[in-house]
Amino acid sequence: MSILIKRSKSGCFNSACNVKLWRLNSTSADSALKKGEEEEEFRVLDILKKRDKMQRRVVKRTDVQPDRIDRMATNQNWGNVWPGPKTFHPSSVPLPIRQGYVPKGQAPPGKKANAELMKIPNFLHLTPPVIKSQCEALKQFCTEWPNLLNSEESIEKHYPLEIISSDYCHASPSIRNPLARVVILRVQLADLKLDKHATDKFKRLVGDRYDPKTDLVTITADRCPTKVQNLDYVNYLLTACYHESWNFEDWEKEKTEDDMEYYDWDNNASKRSLIDWYLRVKNELKIMNDEEYKAFDISQIENGAQYKASVSKYMNEGENPQTVQEYSIAVRKLFGLPQKKLV
Amino acid sequence: MNTSVAKLAQISFRSINFTVQGTPVLASELHTSAPLCRVVSGKYRITKKRDKPLTYEMANPPHYIAHRKSWNSWNTSSLKDGLRRSETAVEDEFIRRFMTGTWHGLVCSEVIIKRQFNHIRVAAIMRRAVSPTKMYFLLGYTEELLANWLQCPVTLELQTVDSFKDVVFKYI
Amino acid sequence: MFTRNWKHLCRRYSQAVTFRTSEIYPAQHNENQIGLFYTIKPDLCKQLFNHGGLPKSFMKQTKTFTETAIMVRQPALDIMDCIRASDMNKPVIRYVLYGEKGSGKSLTLAHLLHYALEEGYLILHVPWVSEWLRRTPRHKEMTNSQTKEGFVDLPLDAAEWLLHFKTQNQALLKNCELKISKDYEWSKREKTEAGSPIAALVEHGINRVKYACDVIDALLLEIKILSNSKQCKTFVAIDGFNSFYYPMTRLNTPTKKKIKPEEVTLTNSFLELTKNDWNNGVVVLTIDQLAVPDENQESFLPRYLLYKKGFEHLDPFVPIEVGRYTDKEFLSCANYYRDRLWLRGPSDLETELKFTSASNPYNFMLQCAPL
Amino acid sequence: MSNVLIFFYRRLKNSSFNSSTRTLSKLQIRNYAKATSFPDYYQNPIFRKEDQVKLIADSDLKNRATVPVKPPTVSETSSVYFDPLVNKVINHVMEKGNKRLARQLVEKAFENIKRKQIERYHLASTPEEKAKIELNPKDILYKAVENCKPLLQLQPIKRGGITYQVPGPITEKRSLFLAIKWLLETTDEKERTVHFPEQFAWELLEASNNTGKVVKRKQDLHRQCEANRAYAHYRWQ
């Protein structure tokens, strides 16, 4: 509209333009003009004129390449077509695959434009011939497995130290996993070849890291940031414990019976009281020192051996109705008393 | 991942941020098991004319995941003791939005994101509505930008179709 | 009315045959009487247990039942057999009664005391050691010992025990054969000469409470000597013996110092008595969870309750378990309660009570109470 | 919807954590909140063996088989010495749910009754006298409660601005309630040094002999009812 107004202001050019505009508005204005000049025919106003439907142009793309599978040779090397892991692509896989759940009687969706096929991780890059060729390629980097290590026993014998660590495979921008730094060292205590004192000290040093059932010492390290450091650390710990357990400190001599690892009857008050009792019975009571008590031979005491066994069991196995019962039997025999009657 | 579930997760994140005082909780609140409202969630309403197009993915509600359809995100974070759970979820959502925005009106299917080590592979079905030149540009553009943002190599693995009709599974 | 009473009498008679024994001398008891009750004569009972010795709850029962009846049980018979079989010239044998709470250790001891009295033993009976060491009434008298440095006397308890000793052994003490071997000088003016009877020593302790602990010390030594010289045979019975070995007593000196059991003079005297360095005697001890605080009652077995020290002190000893009721004993006890009108109701009550009380004598008695 | 659910679930998880650990020890035995949490149509349990035998004999079992039944409480057992009245009395004695103590007190009272009666029995000289003495504490309790039960009650009814104490009949349940209540109230009037079981035993023995404060209280009530006979018509006017 604004154009129109502007033009009206510019003088003589006006009228012609206006006429033209009007004509444009009427249907077939130009032809009517021509015909009027020739035949003077009455102009028909065609109100319900059918418009020509705009035919949508079907564009046949020329740039869409034909499927690759059509051009594939039957004896081609598949490893070259699909060299690495890749999402499924229908025009590269010459297989008539269908995928999807459909009601009974229908065919599942085909491979083209099938998102389901694209989701599933495929192993098209790992066909048997490809694996074979890759293994061949890797062979030059491998060494042969030692012949003598043919069984678990022999492995354990030659390599008593077992190091356990884990590597983790996961999807994230960083390939580091905090759990990968954990290093576990395992060794049979028997393989360390310690003597009695050293074994005992070693057990005390490692504490609950030693499992008496399996005789395994398990040392776990996870405090250092990397695996190598942790590995060094467990090795250090084992070495330190090993050497420390061979040391004999002064204060270790102060260990007494109260530490109760093992109740040795011969060193104990029980033997003394038995001997005292025996000597009293024979009226030969004398003052003895510790060495004499230890050296005293109890085989001359009747039923003394059984008494010794029962007291040792009582103390070593712990107190329970059965050990008390056995003790009772032994003592009664020692004193020559009748046994308890069972009612 | 189903879009509806992803949305739901977003909302729940937001609500948690609102409700729980202090630091935002971005723990794994997503669960891929059958959703609580099985009857209504992730379902499309039938139209009168029965002319609403559904893809295969849309035709199967979320509780069919792992039965009739598969996941849209493949990573190790959602496994037990997986790392970067929340970060992965957020990143995936970001990739989806970026894809649909960059390939505007061209994405016909869901955006499938697979992660292997630090490599992200993004797959989708595209409409061939733009010229190959443009497509190549967009491909490079997307890969480059995403790789820059996510700090790891990103590969786009696209499949093209003539029109959206090719991916339609059924009309309801 | 008549028929009912008659029936009642009949029933009582028939029951009486099964749960009572007319044998009132413990020395005559044998396996046939296990589970049966025998009655102690009231005057004997007064002599033996007037100053303690029977549990409080049992005393209550005796009042209600109008008699003191004790069940003949295996442990007591066992000890009697052993005493008979043992050689009195050998060092004394220590018998240790142990068992769950409420299984009848004290009553077994009472049975044995009766036996000892009948057999003419000189009885040294401590009714409950915890009475000395763990029970602290408001007027607990406690003084520092004058003869032993760093030790504590319990004069009132000691005097009470001397009285108990005197009552229990009144017959033997009248016999003046028991004489002391040396002079005891208590103070400048007071002294007991050698050759005077034991009774004089005891009397002195009771009258001069101040010296009671020292008197006990002397008395126990004298009795040891007398036993060794075969002038008397001695029966030592200590209930709750493990109290002597619990690390702490509940006693405090006026300066709030905690006292250990070995710092009490009485402890030392009686521990000396339980050594096996003398003969012609019998030592029967009971160890009880009730004698120590709740937190140390995990087990009723000897080693746990006596601690290492106590065990070594007694070793070798004869442990004798006092257990729960056997089926026969339980039935007999139930019948006895029915006879004493303590239990009534249908007969399947017994099965249930047996189950709920787990045949523990004390629990059984307790559970019968409201029925 | 699901959002709300998730949110709710989180809240529930957080809030219930503390309370659940606290109440766990109490609720370990039963998995329901309380006996009253069952709907009306739940039947009371039949836990006595004799009742069960009767049920089978009457072939009433078939009718009950399809009806849901409440679980019995801990105290409702098939034990031989279970007694409903005793249980009731224990519940009356109980304070703050301390049933254990309440039971101990009542049982102690029974023991006292028994000791007293046995003593009396042994003191009695002739068999006739002995036969008269009731030894069973439960029977004594029954007798005592029976003797204490009032037959009438006074209801305050307001007529013309004046409240009248109107005598009227009493239900069985309420009279039992009043009897036990009075017994316990009278027991509580004891001196400080006397223990509850002793006093309660004494009251029960008194009441079973139709003497004592509680029986007097009952008679007072009856007398009052008699005196207020003239107001009886207010009950329906």
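In the predicted model, helix α3 of chain B, spanning residues 85-102, lies across the strands β2, β3 and β4 of that chain. Relative to β4(B), which covers residues 119-127, the helix runs at about 35°. A further helix of chain B, α4 (residues 132-150), packs on the sheet and touches β4(B) and β5(B). The direction of α4(B) makes about 150° with that of β5(B).

The sheet of chain B that carries these helices is open and consists of four strands, arranged in the order β2-β3-β4-β5 with mixed pairing. Its edges are formed by β2(B), comprising residues 73-74, and by β5(B), comprising residues 154-161, each of which pairs on one side only. At the β2 edge, strand β2(B) runs parallel to β3(B) (residues 112-116), and two bridges join the pair. Within this pairing, Ser73(B) is found opposite Ile113(B) of β3(B).

Chain A likewise contains an open sheet of four strands, here in the order β1-β2-β4-β3 and with antiparallel pairing. The edge positions are taken by β1(A), residues 162-165, and β3(A), residues 210-211; each pairs on one side only. Strand β1(A) is joined by four bridges to β2(A), which spans residues 183-188, and the two strands run antiparallel. Ile164(A) has Ile184(A) as its bridge partner in β2(A).

The confidence of the prediction was also examined for chain A. The average pLDDT of this chain is 83, and 85% of its residues score at least 70. Over residues 1-33 of chain A, however, pLDDT stays under 50. For this segment of chain A, the model has seven contacts beyond four places in sequence. Where pLDDT is low, the predicted coordinates should not be read in detail.

Two contacts between chains were characterised. Between chains A and B, 24 residues of chain A are in contact with 36 residues of chain B. The side of chain A that touches chain B is made up of 13 nonpolar, six polar and five charged residues. In the second case, the contact draws 15 residues from chain D and 13 residues from chain C. On the side of chain D that touches chain C, the most is given by helix α5(D) (residues 99-123), with eight residues. By residue class, this side of chain D divides into eight nonpolar, three polar and four charged residues.

Notes
Residues are numbered from 1 along each chain as its sequence is written. Chains are lettered from A and ligands numbered from 1 in the order in which they are written. This is a predicted model: local features need pLDDT of at least 70, side-chain atom pairs count only at pLDDT 80 or more; totals for chains, interfaces and linings use all residues. Two strands pair if DSSP finds at least two bridges between them. Two residues are in contact if their C-beta atoms, placed from the backbone, lie within 7 Å. Axes are lines fitted to C-alpha atoms, for helices over the stretch in contact, and angles run from 0 to 180 degrees between N-to-C directions. Ala, Val, Leu, Ile, Met, Phe, Trp, Tyr, Cys and Pro count as nonpolar, Asp, Glu, Lys and Arg as charged, and the others, Gly among them, as polar. pLDDT is the predictor's confidence in each residue, from 0 to 100.
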